[in-house]
Amino acid sequence: MNQLRVSSGRVLRPDGRVERADVAVDRDEGTIRAVGSPDEVDDTLDGAAAEALDASGSLVIPGLVNAHTHVAMTLLRGYADDKPLDPWLREDIWPAEAELTPDDVEAGAELGAVEMIRSGTTAFADMYFAMDRVADAVDRAGLRARLGHGVVTVGKDDADARADVEESLAVARELDGAADGRIRTAFMPHSLTTVGEEFLREGVAEAREAGVPVHLHANETTDEVEPIVEERGERPIAYADDLDALGPDDFFAHGVHVDDSEIDRLAAAGTAVVHCPASNMKLASGMAPVQRLREGGVTVALGTDGAASNNDLDLFDEMRDAAMLGKLAADDASAVPAEAVVEMATQGGADALNLPGGRIEEGAAADLAVVDLDAPHLTPVHDPVSHLAYAARGSDVRHTVCDGQVLMRDREVLTLNAEAVQKRAAAAASDLVDRVESA
Ligand SMILES: N[C@@H](CCSC[C@H]1O[C@@H](n2cnc3c(=O)[nH]cnc32)[C@H](O)[C@@H]1O)C(=O)O
Ligand SMILES: [Zn+2]
């Protein structure tokens, strides 16, 4: 058997406890075979050789899950800042995206993949275009993902709008199960205001038939909530329900401006919310009621959103931001504690995306990250979970494993040539800006 052994670390278990343990991984199956004392793990290995990953002085955690991003937007990192959502999209981002080629999308996706692997993220959800090229990058990188083509119909004629919906459904059908099953898909209308009602209705119905979930931006800004309430006399989550877009495998990004009736509806439907605190702060979209969502029984995951509104893909930053903003939103320092954000970044993400991973236990997917605690900013270690939420950074990750494959060992990315990826992306981004300026 082809095995991997993560030895001498402290391991974060699904119930939040941290224990000294080794982890044995079956690389053929991509699953965790055993978590236990070195002797217990020796027994399961049965004398067979295993590749070793040293985790001494480190914390072994489930690979982090970035449950909402637009990964190729790494090319637009720092391109346009300091504006609210609507003008930021219309004046800066959409014109730049109009010039993006599939090659650019692939270059940006590879850059994002390197950044995620380096910061301990093993799975993500991506809404963008040229998704076949994103899938190629995910496949090479060795990551896990739920991918979808983002649909926008406002400002398009009927034929173009319909083609965009069809593209999203085609991507959802065709890429599902790619990369040895590490890629799953979703139908991804951009939002309830940027996609017209008939397209939402038809697209969701077809997604149901194809058995793929729905992912969209919902209740992100008041500018987006008000027109729905005015036109329809109902809140956006009620509208989503009316569209049949509120299912147990569906997951919505943001959920900033949700009232109690919407929280109840999300909880009853089992639809997850992906909280994106950095993006919400940067675009001044508002403060999501994370504590109330969690208390109301909604599955909450964490996302960075695109790198142009964050401006990085580091989920350690996101955990800290979520804890800080959650307290401010609840006006309560005990709200959204460290354990909660760690859970959101791991189990919550895996549950929202309905992907394997998120828990270090026997039989679970072997998706993990090893965080080096031997650093001045992480000394002393009174509570490792506190450090994950409040003090650690993506650059503290030493090793990253996904589906049993080592993607990074001793801070060296093994699946992609990080230096070449970075060069290619920088060149693509500067060419892109030249094209936008001369357009
Ligand atoms: N097929 C569509 C593309 C939609 S992809 C998803 C879109 O979401 C945009 N986006 C990024 N961050 C946010 C956000 O916070 N809220 C809403 N949209 C965003 C992103 O720039 C991208 O255009 C088209 O023809 O325009
Ligand atoms: Zn987004």
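In strand 14, V300 is the bridge partner of V273. This pairing comes from a predicted model, in which local features need pLDDT of at least 70 and side-chain atom pairs count only at pLDDT 80 or more, while totals for chains, interfaces and linings use all residues. Residues are numbered from 1 along each chain as its sequence is written, and chains are lettered from A and ligands numbered from 1 in the order in which they are written.

The V273 pairing belongs to a wider arrangement. Strand 13 (residues 272-275) runs parallel to strand 14, and 3 bridges link the two. Strands here are DSSP runs of E with at least two residues, helices are DSSP runs of H or I with at least four residues, and both are numbered from the N terminus. Two strands are taken as paired if DSSP finds at least two bridges between them. Together with their partners, these strands form an open sheet of 4 strands in the order 11-12-13-14, with parallel pairing. Strand 11 (215-218) and strand 14 (300-302) are the edges; each has a single partner strand, so one side of each is left without a neighbour in the sheet. From one strand to the next, the twist averages 30°, where axes are lines fitted to C-alpha atoms (for helices, over the stretch in contact) and angles run from 0 to 180 degrees between N-to-C directions.

At the strand 11 edge, 4 bridges join that strand to strand 12 (residues 251-254), again in the parallel sense. Here H217 stands opposite A253 of strand 12. The side chains of strand 11 alternate: H215 and H217 point one way, L216 and A218 point the other way, and all are buried. A residue counts as buried if 20 or more other C-beta atoms lie within 10 Å of its own, as exposed if 12 or fewer do, and as partly exposed in between, with C-beta atoms placed from the backbone.

H217 also leads to the ligand. Ligand 1 is surrounded by 19 residues, the closest being I93, G150, V152, H217 and G306; a residue is near a molecule or strand if its C-beta atom, placed from the backbone, lies within 6 Å of it. Helix 2 (85-98), strand 7 (121-128) and strand 8 (144-151) are the elements that give two or more residues to this shell. Helix 2 makes the biggest contribution, with 4 residues. By class, the shell holds 8 nonpolar, 7 polar and 4 charged residues. In this scheme, Ala, Val, Leu, Ile, Met, Phe, Trp, Tyr, Cys and Pro are nonpolar, Asp, Glu, Lys and Arg are charged, and the others, Gly among them, are polar.

A few backbone features deserve a look. After strand 7, the loop leading to helix 4 (131-141) contains A130, whose phi is near 55°, a positive value in a residue other than glycine. A130 counts as buried because it has 20 C-beta neighbours inside 10 Å. V336, in the loop between helix 12 and helix 13 (338-353), also has a positive phi, about 45°, although it is not a glycine. With 28 C-beta neighbours inside 10 Å, V336 is therefore buried. Cis peptide bonds appear in the model as well. One runs from N310 to N311, with omega near 10°, and N311 sits in the loop between strand 14 and helix 12 (315-330). Another joins T379 and P380, with omega about -5°.

P380 lies in the loop between strand 15 (368-372) and helix 14 (384-390), and V381 is found in the loop between these elements too. V381 is partly exposed, because 15 other C-beta atoms lie within 10 Å. Leaving aside neighbours within four places in sequence, V381 is in contact with L373 and H387; contact requires C-beta atoms, placed from the backbone, to lie within 7 Å. I263 is 118 residues from V381 along the chain, and their C-alpha atoms are separated by 37 Å.

On the scale of the whole chain, the domain assignment gives domain 1 (3-62 + 358-411) and domain 2 (64-353), with bounds taken from an automatic or database domain assignment. Their centres, taken over C-alpha atoms, are separated by 28 Å. Across the boundary, 24 residues of domain 1 are in contact with 27 residues of domain 2. On the domain 1 side, two or more residues each come from strand 5 (58-62), strand 15, helix 14, strand 16 (397-402) and strand 17 (405-409). Helix 14 provides the largest share, 5 residues. This side of domain 1 is made up of 14 nonpolar, 6 polar and 4 charged residues.

Definitions and conventions: Contact = placed C-beta atoms within 7 Å.
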